[in-house]
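Ready to explore a protein and its ligand? Work through the exercises below at your own pace, with the structure open beside you.

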Amino acid sequence: MSTTILGIESSCDDTSSSVIRDGVMLSNVIASQAVHEAYGGVVPELASRAHQQNIVPVVSEAIKRAGIDKSEIDAIAFTRGPGLLGSLLVGTSFTKGLATSLGIPMIEVNHLQAHVLAHFIKESPDDNHAPTFPFMCLLVSGGNSQIIKVNAYNQMEVVGQTIDDAAGEAFDKCAKVMGLGYPGGPIVNRLANEGNPKAFTFSKPHISGYDYSFSGLKTSFLYTLRDKLQEDPNFIENNKRDLCASLQATVIDILMDKLRKAVKAFGINQVALSGGVSANSGLRDAFLDHAKRYGWKVYIPKFSFTTDNAAMVAVTGYYKYLDKDFCPMDAVPFSRVVI
Ligand code: KG4
C-alpha cells in the first residue's frame with residue numbers, strides 16, 4: 001500500500017505545495033513573492049497577505065500536477081516553524097481546514113529539519129542518491145547557519161550554530177549597503193565570479209567550538225566601505241566585483257573551517273550541504289574541493305531544492321508518517337525553534 005503526503009510550506013516569502021508518494025516527488029509547485037523586491041527585504045505583513053492569495057491555487061496545482069485525486073492523500077505535512085508568524089499561520093490554518101474536511105491527520109514539520117531531509121527527495125523510484133546515516137550537514141540559509149549531526153530521519157543534533165547573523169544574512173546585508181538589491185546572495189555570487197577574492201581582507205571570528213559568527217565580518221565590511229568611500233566616492237561601483245569576491249571567499253572560509261573541524265572530531269566523512277546559501281557556486285566548489293582533499297563523500301542539493309520548497313516538507317512528513325508522528329488540531333506555529 002502506498003503513502004501519499006501533501007506538503008505545505010509558507011514560512012517566509014514562498015508559498016509552496018508538493019505531493020510525495022512513498023518518498024517519490026509527484027509535484028512541487030512554488031509561488032515566489034515579487035512584492036518584497038521594492039523594499040530590499042521581506043515585509044512580513046505583505047508576505048502573509050500574498051500567502052493567503054496564493055495558497056489555494058498553489059495547493060490545487062500541486063494536486064493536479066501530481067495526477068491524483070485529493071481523496072488519495074493520507075496526511076498533510078505543514079511547516080510549523082521557524083519562520084514569520086503571519087506566514088506560518090496561513091499554512092497552518094489552511095492545513096487544519098483541509099485535513100478536517102478530508103478526515104486525515106496533520107504532521108507538523110520543522111523547517112530546518114526539512115532543509116536537511118531535502119536530500120531524501122526522490123525524483124523517481126530508483127533514485128538512490130541520498131546519504132546514509134550518520135552524516136554531517138552544513139545548513140546555511142537566510143536565517144540559520146548550523147552544523148548538524150544527522151543520526152536518523154527524525155534524530156538530529158545541532159553541533160554548532162551562529163551566535164549572531166546567519167551566512168545568508170551576511171550576504172544580504174552587505175549587498176544592501178552596496179545598493180545591489182535583494183536578495184543579495186545570488187547577486188554577490190554573480191559579481192564574485194568576476195572579481196578577485198584576495199583583493200580585500202575582512203575579519204574572521206575567533207570563537208571556540210563549532211559555533212559561527214558573522215556580525216564581525218559585516219562590521220569589518222562596513223568599515224572598509226566607510227574608509228574607502230572617503231577617498232573615492234565611486235569606490236563601490238569601481239570595486240563591487242572584488243568586494244563581492246572577497247566577501248564570498250571570507251564567508252566560505254568561515255563556514256568550511258568550522259565544518260572541517262567538526263567532521264574530523266566526529267569522524268564522519270559523509271557531508272551534506274543544505275539551505276538557500278547552498279546555491280552559492282563558491283561554496284559548492286569548496287565542498288567538491290574538500291571531497292578531493294580530505295576524502296569526504298559530499299552531497300550537494302539540486303538548485304531547485306536549495307531554497308524553500310514544499311517537497312522537503314512533504315518528504316519529512318512522509319518519514320514522520322511512518323513513525324505515526326501526527327500533531328493535534330490545536331497546533332500553533334512558532335517563529336523560533338531549534339531542530
Ligand atoms: O533557505 P532560504 O531560501 O530561506 C531561509 O529559510 O532563510 O535562504 C535564503 C538565503 C538568502 O539569504 C539568500 O541571499 C541566500 O539564501 N542565497 C544565496 C544564493 N542564493 C540564495 N547566497 C549566496 N549565494 C547564492 N547563490
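In this predicted model, a backbone N or O atom of Gly-142 lies 2.8 Å from an oxygen atom of the ligand. Let's build on that contact.

**Exercise 1.** Find how far the polar side-chain atoms of Asp-172 and Asp-308 lie from an oxygen atom of the ligand.

*Solution.* Start with Asp-172: one of its polar side-chain atoms is 2.6 Å from a ligand oxygen. Then turn to Asp-308, where the distance from a polar side-chain atom to a ligand oxygen is 3.5 Å. Now look at the area: on its own the ligand exposes 550 Å², and the protein buries 87% of that.

**Exercise 2.** Describe the shell of residues around the ligand.

*Solution.* First, count: 19 residues surround the ligand, and Gly-142, Asp-172, Asn-189, Gly-276 and Asn-280 come nearest. Next, sort by class: five are nonpolar, twelve polar and two charged. Then look for helices: α3 (111-117), α4 (167-177) and α5 (184-192) each supply at least two shell residues.

**Exercise 3.** Why does the ligand lie between domain 1 and domain 2?

*Solution.* Begin with the bounds: domain 1 covers 4-128 + 305-322, and domain 2 covers 135-301. Both give residues to the shell, so the ligand lies between them. Finally, check the pocket: the ligand sits in the largest one.

**Exercise 4.** Locate the cis peptide bonds that join Phe-133 to Pro-134 and Tyr-182 to Pro-183.

*Solution.* Pro-134 is in the loop between α3 and β6 (135-140), and omega of the Phe-133 to Pro-134 bond is near -5 degrees. Pro-183 belongs to the loop between α4 and α5; for the bond from Tyr-182 to Pro-183, omega is about -10 degrees.

Terms used: Residues are numbered from 1 along each chain as its sequence is written. This is a predicted model: local features need pLDDT of at least 70, side-chain atom pairs count only at pLDDT 80 or more; totals for chains, interfaces and linings use all residues. Side-chain values use heavy atoms; hydrogens and water are left out. A polar contact is a pair of N or O atoms within 3.5 Å; within protein, one must be able to donate a hydrogen and the other to accept it, and residues adjacent in sequence count only if both atoms are side-chain atoms. Accessible areas come from the Shrake-Rupley method with a 1.4 Å probe; for residues, only the protein chains shown count as cover. On a 1 Å grid over the protein atoms alone, a cavity is a set of points where a 1.4 Å probe fits but cannot get out, and a pocket is an open set with protein on both sides within 12 Å along at least five of seven lines; lining residues have an atom within 4 Å of a point. A molecule sits in a cavity or pocket if more than half of its atoms lie within 2 Å of its grid points. Helices (H or I, at least four residues) and strands (E, at least two) are DSSP runs, numbered from the N terminus. Ala, Val, Leu, Ile, Met, Phe, Trp, Tyr, Cys and Pro count as nonpolar, Asp, Glu, Lys and Arg as charged, and the others, Gly among them, as polar. Domain bounds come from an automatic or database domain assignment.
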